[in-house]
Amino acid sequence: METWFRINLIIIASTCYLVSISAQQAFEKLRRDMVSTQIEYRGISDPATLEAMRSVERHLFVPKNNRGVAYADRAVPIGYGQTISQPYIVAYMTEIISPKPDFKVLEIGTGSGYQAAILAGIVDSVYTIEIIEELGKQASNRLSDLGYKNVVTKIADGYYGWEKRGPFDAILVTAAAAFIPPPLIQQLKPNGTMVIPIGSPFLVQNLMLVNKRKGKVRTKNLFPVRFVPFTRQ
Ligand code: SAH
């Protein structure tokens with residue numbers, strides 16, 4: 001190989017390396033700012049939740065053409081008419097279940113896999129169900145490429161939960177349902193917590209907290225939210 005050609009190759013390779021390092025640093029800064037201005041500022045204080053929101057690379061969970069808005073204060077389209085939830089909502093739903101290192105958590109609505117990745121850094125194991133096959137496959141590949149070993153994915157109608165793997169310490173539903181699916185209540189451990197948006201699709205819904213204590217189910221309205229609809233097969 002000619003020397004000039006070799007030198008050119010070295011220059012190109014080092015430039016690519018430097019560009020990718022500075023892109024990494026730029027995303028890291030966006031993430032730190034996202035946590036301080038959107039999440040801590042609005043009252044999220046659980047250290048494990050904040051740490052997970054700071055470390056999971058949200059831009060890797062959105063389509064390439066949407067990376068520029070990955071850290072914006074809003075939901076972002078992920079294809080198939082679905083969205084990755086606003087960062088604050090992901091953090092809120094994580095904190096509200098009081099996640100512990102020994103928790104087994106079920107998520108309904110894998111979408112991009114982002115909420116599952118956030119949980120995976122905090123709890124023991126995450127089971128996540130997606131109804132749209134292509135999205136479920138993409139998320140599953142993404143999570144394994146990123147090295148998440150404690151997330152198990154499945155393509156199915158999440159209405160029925162995942163009886164074989166239950167009961168769960170917590171269940172997060174990330175699509176808006178008209179009512180709480182009874183199988184999900186059954187698969188919640190005693191003292192378990194569920195968080196689920198309830199209300200009519202395409203309108204504003206209520207984020208609801210569901211607790212199971214001594215066999216009794218208590219629900220509490222948290223605040224109005226807007227989620228994509230919970231669909232049925
Ligand atoms: N938690 C996701 C965002 C979810 S958007 C993330 O972090 O990216 C809601 C997802 O719920 C969509 O992907 C939608 O296809 C899925 N969904 C809707 N109804 C469902 C059902 N019955 N079972 C499983 N997934 C469902």
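**Figure 1. Glu40, Glu51 and Arg54 are joined in a network of salt bridges.** Welcome to the first close-up of this model, which is predicted. Within the network, Arg54 and Glu40 meet through their side chains in a salt bridge, at 3.9 Å from N to O. This pair ties together distant parts of the chain: Glu40 belongs to helix H1, Arg54 belongs to helix H2 (residues 47-55), and 14 residues separate them. How exposed is Arg54? With a relative accessibility of 31%, Arg54 counts as partly exposed. Glu40 is also partly exposed, as its relative accessible area is 35%. As a reminder for this view and the next two, side chains of opposite charge can pair when their charged atoms come close.

**Figure 2. Asp33 and Lys29 form a salt bridge within helix H1.** Here the closest N and O atoms of the two residues are 2.7 Å apart. Asp33 and Lys29 are four residues apart, which is about one turn of the helix. Are these two residues buried, partly exposed or exposed? Asp33 counts as partly exposed because its relative accessibility is 31%. Lys29 is partly exposed as well, with a relative accessible area of 44%.

**Figure 3. Glu133 and Lys137 pair through their side chains in a salt bridge.** The N to O distance for this pair is 3.0 Å. Both residues sit in helix H5 (residues 133-145). Because Glu133 and Lys137 are four residues apart in that helix, about one helical turn separates them. Glu133, at 42% relative accessibility, counts as partly exposed, and Lys137 is partly exposed with a relative accessible area of 46%. How many salt bridges does a search of the whole structure find? It finds eight, and one of them is this pairing of Glu133 with Lys137.

**Figure 4. Trp4, Phe5 and Leu9 make a nonpolar surface patch.** The patch covers about 340 Å². If you are looking for a starting point, pick out Trp4, which lies in helix H1 (residues 3-40). Why does Trp4 count as exposed? Its relative accessibility is 54%, and exposed means over 50%.

**Figure 5. Arg213, Lys214, Lys216 and Arg218 form a positive surface patch.** One of these residues, Arg213, is found in strand S8 (residues 205-213). Arg213 has a relative accessibility of 39%, so this residue counts as partly exposed. Follow strand S8 to Leu207 for the next view.

**Figure 6. Leu207 is a buried residue of strand S8.** What is the relative accessible area of Leu207? The value is 0%, which is why Leu207 counts as buried. Setting aside residues up to four places away in sequence, what does Leu207 touch? Its contacts include Tyr92 and Met93, and also Val195, Ile196 and Pro197. Among the others are Lys220, Asn221, Leu222 and Phe223, along with Val225 and Phe227. For a sense of scale, you can also locate Pro99, which is 108 residues from Leu207 in sequence. In space, the C-alpha atoms of Leu207 and Pro99 are 18 Å apart.

Notes. Residues are numbered from 1 along each chain as its sequence is written. This is a predicted model: local features need pLDDT of at least 70, side-chain atom pairs count only at pLDDT 80 or more; totals for chains, interfaces and linings use all residues. Side-chain values use heavy atoms; hydrogens and water are left out. Patches are made of residues with over 30% relative accessible area and no salt bridge: like charges are joined within 9 Å, nonpolar side chains (Val, Leu, Ile, Met, Phe, Trp, Tyr) within 5 Å. Accessible areas come from the Shrake-Rupley method with a 1.4 Å probe; for residues, only the protein chains shown count as cover. A salt bridge is a side-chain nitrogen of Lys or Arg within 4 Å of a carboxyl oxygen of Asp or Glu. Helices (H or I, at least four residues) and strands (E, at least two) are DSSP runs, numbered from the N terminus. Buried means under 20% relative accessible area, exposed over 50%, partly exposed in between (1.4 Å probe, protein chains only). Lys and Arg count as positive and Asp and Glu as negative; His and the chain ends are not counted. The place of a charge is taken as NZ of Lys, CZ of Arg, CG of Asp or CD of Glu. Contact means heavy atoms within 4.5 Å.
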